[in-house]
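Biologist: I am new to this structure and would like a close look at one single part. Could you walk me through a helix and then show me where it sits in the whole?

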Amino acid sequence: MSIIDLTSMGEPQTDLKKELNDRLTKLQDEISDYCFQCAKCTSGCEAHKLLELEPHKIVALLKRGLINELVNSDVIWTCMTCLKCRERCPQRVAPVEILFALKNIAVASGKQIPGKYTGMLQSILSMGLIQDIQQITTHTNKTLKRDELGLPPLSKPIDVAKFQAGIMKIAMEKV
Amino acid sequence: MKKKYALFPGCLMPTEQYAYELSIRETIPLLGVELVDVEGFSCCGEPMKSVNQLLTVYPFCKESSDR
């Protein structure tokens, strides 16, 4: 199973879109009204330092109804869900929830997920982790792997087919 | 009786940030707690939340449903 199967789910798509739109309307009409653009979320944003994500601007754009522009932009995919914006917001607006809603709508309306992101999703589907075991370099310039450090072997999902079927079931049945 | 604790190392700790896991395995037993490794471990699947809000539910509940 690939991530394409997961994003193109056929029939339930209309229900899904309605529910997503309701969620976004609620965020747009009620929650984003509390935002007074203090930019505390942006000043703490991990993705802002490297990738130019500015959560307070996302909230402002949502308030002005520029939803299509946001959904079609790549910048919403740079959020790494550290939840700092939710922690820092004095008005409890939580830009991260807005970003989740926007990303869900982008997927539901058939927009392509950026390449590296697809890789992570594919990796979760195939082995239950966002990346495989990596090599590291110690302070003495040795390259070591997990087992060479005396760590026990990592247990991955035993039955991969069952794991994928479970995820697929949730994706198909109820959103 | 010794207390048991199921370790959930997440996704980066067991694949890249080995120092954290090494220090957990070193210190927690000194406090008299036995660490248990979860069979068939998977991470929380956070990136999937962007595809669909409920998709991460499955990796979370999987451990209990498998038994």
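**A close look at helix H8**

Modeller: Happy to! Helix H8 of chain A covers residues 95-108, and at 1.5 Å a residue its 14 residues should span 20 Å (1.5 Å times one less than the number of residues); the end C-alpha atoms are 20 Å apart, which agrees. This is a predicted model, where local features need pLDDT of at least 70, side-chain atom pairs count only at pLDDT 80 or more, and totals for chains, interfaces and linings use all residues. Residues are numbered from 1 along each chain as its sequence is written, with chains lettered from A and ligands numbered from 1 in the order in which they are written.

H8(A) is mostly covered, with 12 of its 14 residues buried (20 or more other C-beta atoms, placed from the backbone, within 10 Å of a residue's own). Among them are A:Val96, A:Ile98, A:Leu99 and A:Lys103. After H8(A) comes A:Gly110, which has a positive phi near 80°.

Now for the wider setting. Chain A has 10 helices and 2 strands (DSSP runs numbered from the N terminus: H or I of at least four residues for helices, E of at least two for strands). Across its 175 residues, 27% are buried.

Chain A also meets a partner: 35 of its residues are in contact with 29 residues of chain B (C-beta atoms, placed from the backbone, within 7 Å). H8 is one of the elements giving two or more residues to that side of chain A, while H10(A) gives the most, with 5 residues.

Conventions. Two residues are in contact if their C-beta atoms, placed from the backbone, lie within 7 Å.
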